[in-house]
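Please write a short report on the empty spaces inside this protein, on the helix that borders one of them, and on its paired aromatic rings.

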Amino acid sequence: MRKISADLILPVDRDPIKEGVLIVDESGQILSIDNREAHDRPSLEIYTGAIVPGFVNTHCHLELSHMKGKVDTGTGLIPFIKNVVQFRDFPEEVIQAAIIAADKEMYEEGVVAVGDISNKIDTAACKRKSAIRYYTFVEMFDFLQDAGASTEFTKYKAVYDEQADGNGNRKSGVPHAPYSVSETLFGMLNSMNTEPCTVSIHNQETLEEHRLFMDKTGGFLDFYGGFGITLDAFEATGQPSIHYALKHMDPAQRSLFVHNTTTTAADIRAAQDWSDQVYWATCPNANLYIENRLPDYQAFLDTEARLTIGTDSLTSNWQLSVLEEMKTIARYQSFLSFETLLRWATLNGAQALGFDDELGSITVGKRPGLVLLNLEAGMQLSAATRAKRIV
């Protein structure tokens, strides 16, 4: 049993506790929360700084970790995707070494859970052994080709069957994005996910996606044509792409919309009217890396949306640190308080993945992990803020 104290404890689900004490057992479970004056000082581990729950990274592509630094920044999404396809095939030992290193990096940065996109089984072995809890989203796509949906579903179902679901991990089959999943494949995924789960989908990441659905124009026509794929059967909906997703996803499941760089307040309201289990993952460093733009965070505040934080992959980021994502948001959107960002990075993320029974807040009975931050005065992030995992 450990008695851990710091200048400030930030439980997330309750007010901050000045000079609080956390009684923690060997498994990391919070047994009680107390104040420092109730304990003999020599019995305490006392830290300078603020203790927060472990971070939840709701969007990552761990299997792409070997591609760090290989894709140019600022190209836009469509050229970025082309580059990812070009660089995916590497020696297996290189891929595995990069996966293990990235998992270790996240752990040391205070990450306790990850929502991870998988198109292959490359990450399964690491996840089975990891100290991090993974929710694996086995992502499927058929490039809007209904005729090929069954073949693609069978291929990715084999990946799903081999992905890790022990060691506290979970998994579900999910659609890649509105612009890449047919109505038929959406239906197959809904039939597959019969138990309560989280369904992730890339959403409104580029204006080209918007143009495709509004009037069947834009870069995706040439993109698909370059792979010999025709969109002759596709008909524009005349609505933003999220409406196509809402029409074909299951509102009874938790839904995690990812990136949302062109999402408007009207889009958010439409999704939240559709279901009361909607979450939004923002990956600011990846958004800047790929499209050089950020979401309209004020629209999410105005609609009381539940945001979470992701890192995307090392193909589109310089590191896999939730803290660095928080810093980026604070740098460009200084009106957002640290307390708001902390909730996005912890409890909201845990709820989105269905891990909030144990993670996301410093609450008696939970095993949230504990991370020490050296914040500036007034609970402000700075370039010098670092995360130190203490549980």
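## Helix H5, the cavity and the aromatic rings

Strand S8 (133–140), helix H4 (149–162), strand S9 (170–175), strand S10 (198–203) and helix H8 (241–248) are among the elements that cover the buried residues of H5. This is a predicted model. The buried residues in question are Leu185, Phe186, Leu189 and Met192, and because they cover an arc of only 120° around the axis, they lie on the same side of H5.

Helix H5 (residues 183–192) also borders an enclosed space, for it supplies the largest share of the lining of the largest cavity, namely three residues. A search of the whole structure finds one cavity of 30 Å³ or more, and the volume of the largest cavity is about 50 Å³. Its lining is made up of Pro175, Phe186, Leu189, Asn190, Asn193, Val199, Met249 and Asp250, which by class gives five nonpolar, two polar and one charged residues. Phe186 and Leu189 thus appear both in this lining and in the list of buried residues of H5.

The second largest pocket, by contrast with the cavity an open space, has a volume of about 400 Å³. It is lined by 20 residues, and Ser27, Ala131, Leu359, Arg367 and Arg389 are those that lie nearest its centre. The lining of this pocket divides into seven nonpolar, six polar and seven charged residues.

Turning to the aromatic side chains, a search of the whole structure finds 17 aromatic pairs. A pair of aromatic rings is described by the distance of the centres and the angle of the planes, and two pairs are set out below in those terms.

| Pair | Centre to centre | Between the planes | Arrangement |
|---|---|---|---|
| Phe141 and Phe143 | 5.3 Å | 65° | edge-to-face |
| Phe220 and Phe223 | 5.9 Å | 85° | edge-to-face |

In the pair of Phe141 and Phe143, Phe141 counts as buried at 16% relative accessibility, whereas Phe143, with a relative accessible area of 29%, is partly exposed. In the other pair, Phe220 is buried with a relative accessible area of 0%, and Phe223 likewise counts as buried, at 4% relative accessibility. Phe220 and Phe223 are separated by about one helical turn, because they are three residues apart in helix H7 (residues 219–226). An α-helix has 3.6 residues a turn, so residues three or four places apart point the same way.

Both pairs belong to a wider group, since ring pairs link Phe141, Phe143, Tyr156, Tyr179, Phe220, Phe223, Tyr224 and Phe227 into a cluster.

Notes
Residues are numbered from 1 along each chain as its sequence is written. This is a predicted model: local features need pLDDT of at least 70, side-chain atom pairs count only at pLDDT 80 or more; totals for chains, interfaces and linings use all residues. Side-chain values use heavy atoms; hydrogens and water are left out. On a 1 Å grid over the protein atoms alone, a cavity is a set of points where a 1.4 Å probe fits but cannot get out, and a pocket is an open set with protein on both sides within 12 Å along at least five of seven lines; lining residues have an atom within 4 Å of a point. Grid points are joined across faces, edges and corners, and a volume is the space filled by probe spheres set on the points. Ala, Val, Leu, Ile, Met, Phe, Trp, Tyr, Cys and Pro count as nonpolar, Asp, Glu, Lys and Arg as charged, and the others, Gly among them, as polar. Helices (H or I, at least four residues) and strands (E, at least two) are DSSP runs, numbered from the N terminus. Buried means under 20% relative accessible area, exposed over 50%, partly exposed in between (1.4 Å probe, protein chains only). The arc is that of the directions from the helix axis to the C-beta atoms. Contact means heavy atoms within 4.5 Å. Rings of Phe, Tyr and Trp (its six-membered ring) pair if their centres lie within 6.5 Å; planes under 30 degrees apart count as stacked, over 60 as edge-to-face and the rest as tilted.
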